[in-house]
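Please look through the structure shown below before reading on. The paragraphs that follow go from one helix to its surroundings, and then to other parts of the chain.

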Amino acid sequence: MLDDALDTAPEEWHGEHPIKIEGLVNRFGDFAVHENLDLKVKRGEILGVVGGSGTGKSVLMRSIIGLQIPDEGCIEVFGKDITAAEPDEEIGVRNRWGVLFQGGALFSTLTVAENVQVPLKQFYPELDQQLLDEIARYKVVLTGLPEDAAPKYPSELSGGMKKRAGLARALALDPELLFLDEPTAGLDPIGAAKFDALLRELTDTLGLTVFLITHDLDTLYAICDRVAVLADKQVIAVGTIPELLQTDHPWIQEYFNGPRSRAAATTHEAGKAMDKPRTGKA
């Protein structure tokens, strides 16, 4: 929609991995959060990112989007070296991703529509207000919010509605990459499941590549194509959950073989069984 309005298109990129990370090192003082971390994100996948407290999941995401300057290593997004660019330097990719931070991170003094318009005004200041309003309404409805949520302020929204409003802002620029930090945290199980279903639908419909930090096992089983595990200051394993279960790392075994994971797996398998078309005569 936005590309049609501007009659422009981003530079073509045909690689298999829109995100490539090699030898990443992040330190805070003498403490290293990441050491020689490597990761490749496949085009079109939802990659779940998990790890214990303090393993630097959010720091990794912030490094990819240029909010955290690594001490060493290389991060390429759409073939452009993020780590070699200054924060304000135009490198032609920052308008090709959207970010949903924890809690939605909405501006409290702006309406939902005005929040959605923030990245539009930043990257396309030539757009007139009528078009901005139209795009904002479209993004609000796209994320499952009623159209009358657009003129409301964040304080007037429920927790689940705030997450969707934050997602609408993340999708404002019609991004190819979507970064989500604990999007279902604080939601009840029904609200979390609905958000997961929405994210899967949007990913498939819009052709997104999703980098999803989560601790929600139901989310991992329900919508993630692969899972990257952070431990020991690195990504120690990347794969499907069945593939990860074949590894012998203690944290992976404890995380995916614990009672909560078994319950999530059972729920996922039950859902798959219900979704299968019935055969035979009644």
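Helix α2 is largely enclosed by the rest of the structure, because 6 of its 8 residues are buried. The model is a predicted one. The buried residues of α2 are Lys57, Val59, Leu60, Met61, Ser63 and Ile64. Just after this helix comes Gly66, which takes a positive phi of about 85 degrees.

One residue of α2 can be followed further. Val59 sits in this helix, which covers residues 57–64. Val59 has a relative accessible area of 16% and is therefore buried, since the cut-off for buried is under 20%. What is Val59 in contact with, once its neighbours within four places in sequence are left aside? The contacts are Asn26, Phe28, His34 and Gln68. Another residue to find in the picture is Pro70, 11 residues from Val59 along the chain, with 9.5 Å between the two C-alpha atoms.

Now step back to the loop that leads into α2. Thr55 is placed in this loop, between β3 (46–51) and α2. Is Thr55 buried or exposed? Its relative accessibility is 17%, so Thr55 counts as buried. A polar atom of the Thr55 side chain lies 2.7 Å from the backbone oxygen of Gly52. With neighbours within four places in sequence left aside, Thr55 is in contact with Val33, His34, Leu230 and Ala231. His34 also appears among the contacts of Val59.

The whole chain gives the setting for these details. The protein chain has 10 helices and 10 strands. Of its 282 residues, 47% count as buried. Take the contacts between residues at least 6 apart in sequence: 66% of them join residues at least 24 apart.

Next, consider a pair of helices. Two packed helices are described by the angle between their axes and the distance between the axes. For helix α3 (residues 112–123) and helix α4 (residues 129–142), the axes come within 9 Å and cross at roughly 115 degrees. The crossing of α3 past α4 is right-handed. On the α3 side, the contact is made by Val112, Ala113, Val116, Gln117, Leu120 and Lys121. On the α4 side, Gln129, Leu132, Asp133, Ile135, Ala136, Lys139 and Val140 take part. How many residues of this contact are nonpolar, polar and charged? The contact of α3 with α4 has 8 nonpolar, 2 polar and 3 charged residues.

After α4, the chain enters a loop. Glu156 is found there, between α4 and α5 (159–170). Glu156 has a relative accessible area of 47%, so it is partly exposed. Its C-alpha atom is separated by 10.0 Å from that of Val112, although the two residues are 44 apart along the chain. Val112 is one of the α3 residues in the contact with α4.

The last stop is helix α6, residues 189–206. It has 18 residues and reaches 25 Å from its first C-alpha to its last, close to the 26 Å expected at 1.5 Å a residue. At its start, a side-chain oxygen of Asp188 reaches to within 3.0 Å of the backbone nitrogen of Ile190. Which residues of α6 are buried? They are Ala192, Phe195, Asp196, Leu198, Leu199, Arg200, Leu202 and Thr203. Just after α6, Gly207 takes a positive phi of about 70 degrees.

Conventions
Residues numbered from 1 in each chain as written. Predicted model: local features only at pLDDT ≥ 70, side-chain atom pairs only at ≥ 80, totals over all residues. Heavy atoms only, no water. Helix = DSSP H or I, 4+ residues; strand = E, 2+ residues; numbered from the N terminus. Expected span 1.5 Å × (residues − 1). Buried < 20%, exposed > 50% of the residue type's maximum accessible area, 1.4 Å probe, protein only. Polar contact = N/O pair within 3.5 Å; in protein donor to acceptor, adjacent residues only side chain to side chain. Axes fitted to C-alpha atoms, helices over the stretch in contact; angles between N-to-C directions. Left-handed = near helix turned anticlockwise from the far one by under 90°. Contact = heavy atoms within 4.5 Å. Nonpolar A, V, L, I, M, F, W, Y, C, P; charged D, E, K, R; others polar.
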